Amino acid sequence: MKRYLFAAAALLLAPIATARAETVLNVGMAAADIGQIDPHRATSTQDKPVVSWMFNGLVRFKPGSASLEALEPDLAESWEKSADGKTWIFHLRKGVKFHGDWGEMTAEDVVYSLKRAGDSKTSSFAADYSVMESIEAVDPYTVKIVLKKPIPALLGLVANYHGGNIVSKKAAEALGADFRTKPVGTGPFQVVDYKSNESLTFAANPAYFRGVPKIDKIVYRFIPADASRDLAFSSGELDIVYGRQDQRWVERFSKEPNTVVEVVKPAELSILHLNTTMKPLDDKRVRQAVAYAVDRAQIAGFKGASTAVPAISVVPSGYLGTDEQAKLYPHDIAKAKALLAEAGYPNGVTIKVIQTSLPTMLNSMQIVQSQLKKAGIDLQLEVVDHQTFHARIRKDESGAVYYAAARFPVADVYLRQFFHSAATVGTPTAVTNFSHCAVADKEIDAAAIEPDAAKQKDLWKVAQAKVIDDVCAVPLYEQLQVWARKTNVDYGYEFQGAIHLGPVVTELTNKK
Amino acid sequence: MSASSSARRNTVASRALRSPGLAFGFVVVVVMIVAALIAPWASPFDPDAQDVMLVLSPPDTTHLFGTDAFGRDVFSRILWGARISLTVGFLATAVGVVIGTVIGVVAGYYGGVIDRLVVAATDVLLSFPQLIMGLLLVAVLGASLTNLVIAIAVTAVPAFVRLARGSTLAMRERDFVDACRSLGYSDLRIMFLHVLPNILDELVVMASLWLAAAIRTESTLAFIGLSVPPPTATWGGIVREGFDNLLDGPWLAVFPSLAILAVMIGLNLIGDGLRDASDPRAPQ
């Protein structure tokens, strides 16, 4: 009998022994599938952390930070700017290799990448780069960028974030459409396998310029059902898990053994965008009624104090230029009803809404739906899967759009993408202006080129006031990011902020 | 109607009454139907009223089945959910039975080309699993009450076509049909006044089983988010929302699941009981 027990034990231990040889990090994500992992196309929550594992910028956000103050050299070792702030010279690190056999990273790749990021055919962030007059390679290790006008945060555009990620020119040109699922960068990890609706697997980049990563392999698993993902984490199948952004989840997992729950910045601002061209929301009074009917404090209450706070403006708090004292419409059901009656809808209005089935977003929207109902505003939800939701709201099909987003921490980016008329959905330069907002173009444009910091802030403040007053959108609440890890996972830095909406896995990250 | 058939019907009825399973199933289903009917008056709370102070509170005397993540009363939601689940189930089955039976009787009675076409068509439809078929249709039509009924009814039609056709084929050769023909009755009259009553037993048995299947399909579709949009409560929808908070509030998923289970068992007992009672080979 004993012998059998030993044999059984040996059999059981065998797979563990082989697993030891290779350090595998299992990460669970709340999504059914990847969106786009081409760094210049990656806009969804599930895509951004992954991009940060594969790519570098000329500068980078310090791992674990989401602050513009903490940018540090990455592919560029040093840089200088001209006195007028329009010409920037970057000196590149030598001997940096791309993943696989795609060769050394040179100025040519940087020029190609930034131009690619500025082209709306290949990038979702093209508008951000329109400020660049020229980008040229002075020599293989020097890049010169000339701006049309000085801007508040040029380094942000060349950081390891959105369009600032540097891709391999050769690979992008040779792989064509395949680059979308097998992008090539210089980061500590590279994609080796993609199983649709299941997982994305990364292998360490042995030639990473900061050193060989301590983790050999990352398996990024798509588990959209909250309960299944939580169970997978509790049972030890996952080492790191995307946390549910709610109080109970944080409380429960904080109590679990060998688990660290981290609540990190940046806050994702949830906004209800109101389509100002669609009946009945084309009437400002109806939009005001919606604004009065929303009870921000209650939404934050449902979400829980440790992860959610009521929104303060149409730009997330803590961004450069956010008006922290913006005047929002207070919660007042009587006023909402009066405004509806005045607009000719004494019996209330019906608004057709396309809504994602993603639980966190659907739940928030159900709270809003219930609040608006008290004022006689009936939100009729058409619940569709997340990809369909993203596609259809961009076709201008929804009366109101619930959207939660964090952007580069400068007011300009948020205002430009959500409230500048150039970004209106359904137009060639569309980004995410779902409301067809056009009341603050002048201020947004003026602020972008205003050299005086105080005046610039004033312009942004006016822009926010105008957007709020015209009710292009109703700010709802701000949600911090929640991630949990097993105690044996050491990120190699203190995880306080995640500009990439998830932990950056660096060469120093380890699993003991 | 022939004398033998009405005599048989009497024994069917008496046997049915003596079957405890059938009686139990009948009681369960009737209770559910009554609950659904009186939901507007019987439910203690507004099923859609949210309360931030009562998020995920466990079952107690005020909230019998606890509250969900929005502080809504689960008991009230289950009562209201019964309306959707049972309505969809009954309507879809009724539509399926009527259409399927008509097509089946006509095909069986006339035979020939019509029959062959109908059989081929039902074979194609039957080759799709019921759930997949419902899923496809709802996905294409869009999720709404009417579309759910249509989608589930379509999945039920081929089964009833087959059953009605098979039984009609057997009836067609019987003497009383020949008698009707020689009396000069029209085909329509023979099919629906003489053949149909004689195959009704089997259809009713089948319908009670399909009713269970229809309710189950509705719940499954609701569970994967393809049912009436929120905030309307449906059993499958409540289970799904409860599933998100399974570890914090198991009662959320347990109670609606029990409701589904009870109706399933009830309907299956009725179906089994009716089948046993109408089986002429069963001991008297």
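Strands here are DSSP runs of E, at least two residues long, and helices are runs of H or I, at least four, all numbered from the N terminus. Keep that in mind for the element names. One more thing up front: this is a predicted model.

Let's start with chain A. Its secondary structure comes to 16 helices and 19 strands. The C-alpha trace spans about 80 × 70 × 35 Å along the principal axes. How does the radius of gyration of chain A sit against a compact globule? For 512 residues, such a globule would come out near 24 Å, and chain A has 24 Å, so the two agree. Buried residues account for 53% of chain A. Now the contacts. Take those between residues at least 6 apart in sequence: 70% of them join residues at least 24 apart.

Next, the domains. Chain A is divided in two. Domain 1 covers 24–213 plus 488–511, and domain 2 covers 266–480. Their C-alpha centres are 30 Å apart. Across the boundary, 16 residues of domain 1 are in contact with 17 residues of domain 2. What does the domain 1 side consist of: how many nonpolar, polar and charged residues? The split is 11 nonpolar, 3 polar and 2 charged.

On to the interface between chains. Here 18 residues of chain A are in contact with 16 residues of chain B. Which elements of chain A each supply at least two residues to that side? Four helices and one strand: H7 (226–234), H8 (247–255), H10 (296–303), H12 (359–373) and strand E15 (377–384). H12(A) gives the largest share, 6 residues. By type, the chain A side divides into 6 nonpolar, 7 polar and 5 charged. Set that beside the domain 1 side, with its 11 nonpolar, 3 polar and 2 charged.

Now chain B, and one helix pair. Helix H4, residues 74–110, packs with helix H11, residues 251–278. The angle is about 30 degrees, and the axes are 10 Å apart. Is the crossing left-handed or right-handed? For H4(B) and H11(B), right-handed. From H4(B), the contact uses B:Val74, B:Ile78, B:Gly81 and B:Ala82. From H11(B), it uses B:Trp251, B:Leu252, B:Phe255, B:Pro256 and B:Ala259. That makes 8 nonpolar, 1 polar and no charged residues in the contact of H4(B) with H11(B).

Last topic: backbone geometry. As background, most peptide bonds are trans, and most residues other than glycine have a negative phi. Here are some departures.

Cis bonds to begin with. The bond from A:Lys265 to A:Pro266 is cis, with omega near 0 degrees. Where does A:Pro266 lie? In strand E12 of chain A, residues 259–274. In chain B, the bond from B:Pro230 to B:Pro231 is also cis, with omega near 10 degrees. B:Pro231 is in a loop, between helix H9 (187–223) and helix H10 (235–244) of chain B.

Then positive phi. A:Asp396 is not a glycine, yet its phi is about 65 degrees. A:Asp396 belongs to the loop between helix H13 (386–393) and strand E16 (400–405) of chain A. Why does A:Asp396 count as partly exposed? Because it has 17 C-beta neighbours inside 10 Å, and buried would take 20 or more, exposed 12 or fewer.

In chain B, look at B:Leu56. Its phi is positive too, about 50 degrees. B:Leu56 sits in the loop between helix H3 (39–42) and H4 of chain B. With 17 C-beta neighbours inside 10 Å, B:Leu56 counts as partly exposed.

Terms used:
Residues are numbered from 1 along each chain as its sequence is written. Chains are lettered from A and ligands numbered from 1 in the order in which they are written. This is a predicted model: local features need pLDDT of at least 70, side-chain atom pairs count only at pLDDT 80 or more; totals for chains, interfaces and linings use all residues. Domain bounds come from an automatic or database domain assignment. Two residues are in contact if their C-beta atoms, placed from the backbone, lie within 7 Å. Ala, Val, Leu, Ile, Met, Phe, Trp, Tyr, Cys and Pro count as nonpolar, Asp, Glu, Lys and Arg as charged, and the others, Gly among them, as polar. The radius of gyration is taken over C-alpha atoms; the globule rule is 2.2 Å times the number of residues to the power 0.38. Axes are lines fitted to C-alpha atoms, for helices over the stretch in contact, and angles run from 0 to 180 degrees between N-to-C directions. A crossing is left-handed if the near helix is turned anticlockwise from the far one by less than a right angle, and right-handed if clockwise.
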